[in-house]
Amino acid sequence: MNNSLAEENYLKALFHLRGKSGEVNVNDLSKNLNIKMPTVTSMMKKLAEKKLVYYEKYKPLRLTEKGKKEAGLIIRKHRLTEMFLVTKMQFGWEEVHDIAEQIEHIQSPIFFEKMDELLGHPTIDPHGSPIPDSIGNIATKSYPKLSNCKVGGKVKLAALLNTNSEFLKFLNSRELKLGLKITIKSIEPFDGSMEVSYGKRDSEVLSKIVCERLLVDGAPTA
């Protein structure tokens, strides 16, 4: 892989923005990266020449198989770095994103292979997102949202839909972390907020907004 930092950021954005169809609107990509449309279009032509993107004027963008793998390798470096910062350097999970954004562009496969080895070959990052393998393949698992679960459900917090630092700080303040077992005690019909218990907290109320961002395992769904 021999792409510039800007090219890598485009590939990663395309990977994250693609829906089930695998397509991304050029305007959505422009807004996501906060880059003007002509610049985005110029970059797409360049990536198309490298066989990383399917580009046709006025049509949605799609990553090629090569593009998907290269995007996967960038994401792998980012998520391995986040895991290393949390488990080996004792950073909080809310502190690692910006650092990983810088380290993910290091062009040294052996550096990340060693990091992977020291971590014991993890399959998820600190936020529960899957870590792509050494050739860029990513295995995804579908978890239900906490907001979709029934009263009486006993679940385990498996991953997060939102990993911005403010949300992670909120979870810290409520002592919510991955692997935590949560019992759903009641659901407020008016606003969908949930009363739950977990850890040392016998009664904690979480808003629907929060519950929709928490992905859980082992839950019966409504």
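The crossing of helices H4 and H6 is left-handed in this predicted model. H4 covers residues 65–87 and H6 covers residues 109–119, and their axes come within 10 Å of each other. The crossing angle is roughly 45°, so the two helices count as oblique to each other. On the H4 side, the residues that meet H6 are Arg76, Lys77, Leu80, Thr81, Met83, Phe84 and Thr87. Their partners on H6 are Phe112, Met115, Asp116, Leu118 and Leu119. Sorted by type, the residues of this contact come out as seven nonpolar, two polar and three charged.

A second helix pair is H1 (residues 5–17) with H3 (residues 37–49). Here the axes come within 11 Å and cross at roughly 95°, which means that H1 runs roughly perpendicular to H3. H1 brings Ala6, Glu7, Tyr10, Leu11 and Leu14 to the contact, while H3 supplies Thr39, Val40, Met43, Met44, Lys46 and Leu47. The breakdown for H1 with H3 is eight nonpolar residues, one polar and two charged.

H1 also holds Lys12. Is this lysine buried or exposed? With a relative accessible area of just 10%, Lys12 is buried, because the cut-off for that label is under 20%. Setting aside neighbours within four places in sequence, Lys12 is in contact with Ile74, Ile75 and His78, and also with Glu101 and Glu104.

Asn137 sits in the loop between H6 and strand E4 (154–160). Its relative accessibility is 34%, so Asn137 counts as partly exposed. Once neighbours within four places in sequence are left out, the contacts of Asn137 are Lys69 and Pro132. Then there is Gly67: it lies 70 residues from Asn137 in sequence, yet the C-alpha atoms of the two are 11 Å apart in space.

As for the chain as a whole, the domain assignment splits out domain 1 (5–63) and domain 2 (146–217). Taken over C-alpha atoms, the centres of domain 1 and domain 2 are 35 Å apart.

How values were computed:
Residues numbered from 1 in each chain as written. Predicted model: local features only at pLDDT ≥ 70, side-chain atom pairs only at ≥ 80, totals over all residues. Heavy atoms only, no water. Axes fitted to C-alpha atoms, helices over the stretch in contact; angles between N-to-C directions. Helix = DSSP H or I, 4+ residues; strand = E, 2+ residues; numbered from the N terminus. Parallel < 35°, antiparallel > 145°, perpendicular 65-115°, else oblique. Contact = heavy atoms within 4.5 Å. Nonpolar A, V, L, I, M, F, W, Y, C, P; charged D, E, K, R; others polar. Domains from an automatic or database assignment. Left-handed = near helix turned anticlockwise from the far one by under 90°. Buried < 20%, exposed > 50% of the residue type's maximum accessible area, 1.4 Å probe, protein only.
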